[in-house]
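Student: I'm new to this one and would like a close look at a single part. Could you walk me through it slowly?

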Amino acid sequence: MSMDVGANLRFGADILAQAEVLAGFTEVPGEVTRTYCSRSHRQAGDYLIGLMREAGMVADYDAFGNVVGRYEAGVPGSPWAPVVMTGSHQDSVKKAGKYDGLFGILSPIACVRDLHRRGKRLPYTLEVVAFGDEEGVRFGVTLIGSKAMAGNFDPAWLELTDSDGVSLREAIRAFGGDPDAWPALDRRTGAHGEVVAFIESHIEQGATLLDEGLPVGVVTAIVGATRMKVRVTGLAGHAGTVPMGARQDALAAAAEMVLAVERHCTEHPGLVGTVGKMSVAPGAVNVIPEDVAFTVDVRSGDDALRLAAVAALRAEFSAIAARRRVTVAAEPFFELEAAPCDAGLQARLAASIEAQGLPVRYLPSGAGHDAMEFPAVCPIAMLFVRCGNGGISHHPSETMTAEDAEIATSVLLHFFEHFEPATVVPDRVPRVERNPSP
Ligand code: HGY
Ligand code: MN
Ligand code: MN
């Protein structure tokens, strides 16, 4: 049950070496932290443009700082051949690993380099995208590049500011982009050629493939997510003189709300809930906290279950606040429905895995990905590749092997070489995108 990889890796060793180079493009020496429109974004983008051009693509930044490489179709005379898009994000979370996002860029570049070396063109244009921002670390909203390309960008976001007060509009302009050019990025218009499929390869960021001893898997759907900002307001007071029964302690109330998230999501299989950020004011050891803000991230493959959980948690937060004589405001600022992967593309991906002599494992994605924006444009598919260290991700211990990078890239290359655009029958249902402006 294994593809004979051996030492003669065509792709895997190069991909890991390139990931090492990219890991050096960071805002925090010794860690991987690369945010949108930053200097490290420019360094990574320039490096990826160089790799794309060396692989035979036409490549450059678009108006939003996404790196777009195109390996034009080999169909003589057709002004606009159909397009297959692939890619992932170049940005990272704080203190990230080296492969989240980047594998989905480096692997297709390796595929194109191999096609180019053999002088082979495809019956469609292959477009490889390094999206500028998927994690949303700098401005709080995520998937900026893929939303713009899927026609889901909200121009109100251009006024959002980062922790230094720099607006998204100013950041894109300072990067050399054009913040007002977002409509031109919309792939639904066909202006860049009709996009017939989007496929993203990505590390699993979990342990299913690792536990089952499998190098790759076919993603069935990407979970939907709701993110809320919660603000709890109490009354500051002297830590030594205010009796316990007389306190309006915003942090104690918030702590009870955080445990409510954990309990509710533990009690309902298919849900996950995370409180990832929290601020406490005034933040002195001897002052009762009066102003606490935190985030909640709720996800599920079942949209009804997720929405019911968000409603139940907001009600429970209100009850906790009333009992503790504090006030609470819990506002969703990001919402995305679960994105099913196209059955036909899943079957083609499965055939490419079987062609490597490997079994096919189907699994859902608990992480969000750029692909989840593209059902608005075309059918989508995702290929997962095993990651080690218990499947850890969004952490410096994130790891993968050159052998698995080799296998996943071989699967992807087989998919690209056997994909016939004319036979794509999308089974997608247009999704309603609800993105309440923050
Ligand atoms: O949050 C996510 O699931 C993705 O890693 N941005
Ligand atoms: Mn991530
Ligand atoms: Mn990712």
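Student: Let's take strand β2, residues 67-71: how many of its residues are buried?

Tutor: Keep in mind as we go that this is a predicted model. In β2, 5 of the 5 residues are buried, so the strand counts as mostly covered, where buried means under 20% relative accessible area. You can split the strand by face: Val67, Gly69 and Tyr71 sit on one side, while Val68 and Arg70 sit on the other, and both faces are covered.

Now look at what β2 pairs with. Strand β1, residues 58-61, runs antiparallel to β2, and 4 bridges join the two. Follow the chain from β1 to β2 and you'll trace a hairpin with 5 residues in between. Gly65 is in that turn, and its phi is positive, at about 80 degrees.

Strand β4, residues 125-131, pairs with β2 as well, again in the antiparallel sense, this time over 5 bridges.

Gly69 is a handy residue to pick out here. Its bridge partner in β1 is Ala59, and in β4 Gly69 stands opposite Val128. Gly69 is also one of the buried residues, on the face with Val67 and Tyr71.

So if you want to find your way around β2, start at the turn with Gly65, step into the strand at Val67, and stop at Gly69 to look across to Ala59 and to Val128.

Methods. Residues numbered from 1 in each chain as written. Chains lettered and ligands numbered in written order. Predicted model: local features only at pLDDT ≥ 70, side-chain atom pairs only at ≥ 80, totals over all residues. Heavy atoms only, no water. Buried < 20%, exposed > 50% of the residue type's maximum accessible area, 1.4 Å probe, protein only. Pairing = 2+ DSSP bridges.
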